[in-house]
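Grab a pencil and work through the exercises below with the model open beside you. Each one sets a task and then walks through a solution.

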Number of protein chains: 2
Amino acid sequence: MPDGTAKKPTRIQLRNRRRILDAALEVFSRHGYRGATLDQIAAEAGLSKPNILYYFEGKEDIHVTLLKQLMETWLDPLRTMDADGDPKAEILAYVQRKLDMARDLPRESRLFAGEILQGAPRIVPDLVADLRPLFKEKCDLVQGWINAGALPPLDPEHLIFSIWATTQHYADFEAQVQVLHDRESDTHARASAHLRQMFSALLTVSERR
Amino acid sequence: MPDGTAKKPTRIQLRNRRRILDAALEVFSRHGYRGATLDQIAAEAGLSKPNILYYFEGKEDIHVTLLKQLMETWLDPLRTMDADGDPKAEILAYVQRKLDMARDLPRESRLFAGEILQGAPRIVPDLVADLRPLFKEKCDLVQGWINAGALPPLDPEHLIFSIWATTQHYADFEAQVQVLHDRESDTHARASAHLRQMFSALLTVSERR
DNA sequence: GCAATTTTTTACCATTTGGTAAATCCACGA
DNA sequence: TCGTGGATTTACCAAATGGTAAAAAATTGC
């Protein structure tokens, strides 16, 4: 068995672990943690169930591995927000990056959403360790811009919440959007335009007459 | 057994069905459909498992009953949006009602979110039958206001998506909000102020100098 | 080519879980 | 008070599911 204790992973090990995580992402994101079965993951990965348990300690191990790995990707666009850039442009660019991610990585978005929805039982520690500091940092950054008069007074925490909510909505609630959205129009393009308009309005310093 | 075919339900039937649905809402919203077990629901309801199956045909029956029942409550605030009121005030009031619902009925919000997240397999028909017409109607209403010059040009569909996303976020992602939000501040009050500010900015006809 | 190691399969198992059958309990009207 | 029909419990079951042991197969290093 490939113990996790820092050896050099074989080519086969690398390939199969990736296969398994790919399959697991697909299955977990569609059915949730409890709804997903090892048999489904095994079938999707093209491996046998015991073979999967040769590479991971168990179902939870796969899920946690997936979540931790995902967290990095997920936080990346936020990290990119640059203190030296133009405040409004930086934030609007962040909105776009987040929206693009919802389009390009919907499974990842749903996996994360499912975990949070159920109280984040398996990922709260990572949330506290990784997300919280970054979140605080970026809130402070936005607050700094406000204090400098580069942005109108607003609530940094809830601004970020709103960005997350509006962008991830298109991945997490895709089933609903699909039912409601006008079939002929390009969802992504219109969502992009709308969010730019909305956050632009919020971020623009109102010039009183 | 109390067949669904239109008899007069006993007092005991009414009471126990309500108990079961209450318990099921609690359990389903916390663990999702697959994650919830009849035993948990039974324990929460203070009834035995077979007794629960005396009142409902099965697990799915309970879940579907809950979802359909919930849909009504859920759509109510949207229905209230009045064509004769002031457009901006009507929309902002809708935002507030939706935010209040996220605070007062988080379990309902999460139950719904969980269903949609997994592709809404058990509720798409109702979405199409109930939600879609109402959604269309209100989009047309907003479009009418825009055409009349009472609102700036904006995308009605995505406006509503954004309202749903931002308000429900506080219920569905509560675990995350809890980890990140400043402990001393009143989440609901600040969220309310922020959303009012954001949608107000979006809905205000920009008066060019 | 061959021993040693890694990978995969076969054959299981224990538990959980949704669900059922039938016996029993109980409320209530005549 | 007693019978009747609704309500509840007891004792189950079959399938699904996470997981394991050990043998077989493949791969690798020499």
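## Exercise 1: An odd backbone angle

Ala120(B) sits in the loop between α6 and α7 of chain B, where helices (H or I, at least four residues) and strands (E, at least two) are DSSP runs, numbered from the N terminus. This is a predicted model, where local features need pLDDT of at least 70 and side-chain atom pairs count only at pLDDT 80 or more, while totals for chains, interfaces and linings use all residues. Residues are numbered from 1 along each chain as its sequence is written, and chains are lettered from A and ligands numbered from 1 in the order in which they are written.

Task: work out what sign the phi of Ala120(B) has, and whether Ala120(B) is buried or exposed.

Solution.
- Step 1, the angle: phi of Ala120(B) is positive, about 55 degrees, although the residue is not a glycine.
- Step 2, the background: most residues other than glycine have a negative phi.
- Step 3, the burial: Ala120(B) has 21 C-beta neighbours inside 10 Å, so it counts as buried. The cut-offs are 20 or more other C-beta atoms within 10 Å of its own for buried, 12 or fewer for exposed, and partly exposed in between, with C-beta atoms placed from the backbone.
- Step 4, the other chain: Ala120(A) lies in the loop between α6 and α7 (124-147) of chain A. Its phi is near 55 degrees, again positive, and with 21 C-beta neighbours inside 10 Å Ala120(A) counts as buried.

## Exercise 2: Sketch one chain

Task: describe the make-up of chain A: how many helices and strands are there?

Solution.
- Step 1, count: chain A has 10 helices and zero strands, so to speak a plain run of α-α-α-α-α-α-α-α-α-α along the sequence.
- Step 2, box: along the principal axes, the C-alpha atoms of chain A fill roughly 70 × 45 × 30 Å.
- Step 3, burial: 37% of the 209 residues of chain A count as buried.
- Step 4, one helix: helix α8 (residues 156-172) of chain A has 17 residues and should span 24 Å at 1.5 Å a residue, and its end C-alpha atoms agree at 23 Å apart. The expected span is 1.5 Å times one less than the number of residues. As 17 of the 17 residues of α8(A) are buried, the helix is largely enclosed by the rest of the structure.

## Exercise 3: Put the two chains together

Task: find how chains A and B are related, and which elements of chain B touch chain A.

Solution.
- Step 1, superpose: a turn of 180 degrees with a shift of 0.0 Å along the axis lays chain B on chain A with an RMSD of 0.0 Å. The copies are thus related as by a two-fold rotation axis. The fit is by least squares on the C-alpha atoms of residues with pLDDT of at least 70 in both.
- Step 2, contacts: 47 residues of chain B are in contact with 47 residues of chain A, where contact means that C-beta atoms, placed from the backbone, lie within 7 Å.
- Step 3, elements: two or more residues on this side of chain B come from each of α1 (11-35), α6 (106-117), α7 (124-147), α8 (156-172), α9 (174-180) and α10 (187-203). α8(B) gives the most, with nine residues.
- Step 4, classes: the side of chain B that touches chain A has 23 nonpolar, 14 polar and 10 charged residues. Here Ala, Val, Leu, Ile, Met, Phe, Trp, Tyr, Cys and Pro count as nonpolar, Asp, Glu, Lys and Arg as charged, and the others, Gly among them, as polar.
- Step 5, surface: 100% of the interface residues of chain B are also interface residues in chain A, so the copies meet through the same surface.

## Exercise 4: Find the DNA-facing residues

Task: say which residues are closest to DNA strand C and which to DNA strand D.

Solution.
- Step 1, strand C: of the 18 residues around it, the closest are Thr10(A), Pro50(A), Thr37(B), Leu38(B) and Gly58(B). A residue is near a strand if its C-beta atom, placed from the backbone, lies within 6 Å of it.
- Step 2, strand D: 18 residues surround DNA strand D, and Thr37(A), Gly58(A), Thr10(B), Ser48(B) and Pro50(B) are the closest.
- Step 3, classes: the surface near DNA strand D has eight nonpolar, seven polar and three charged residues.

Terms used:
Two residues are in contact if their C-beta atoms, placed from the backbone, lie within 7 Å.
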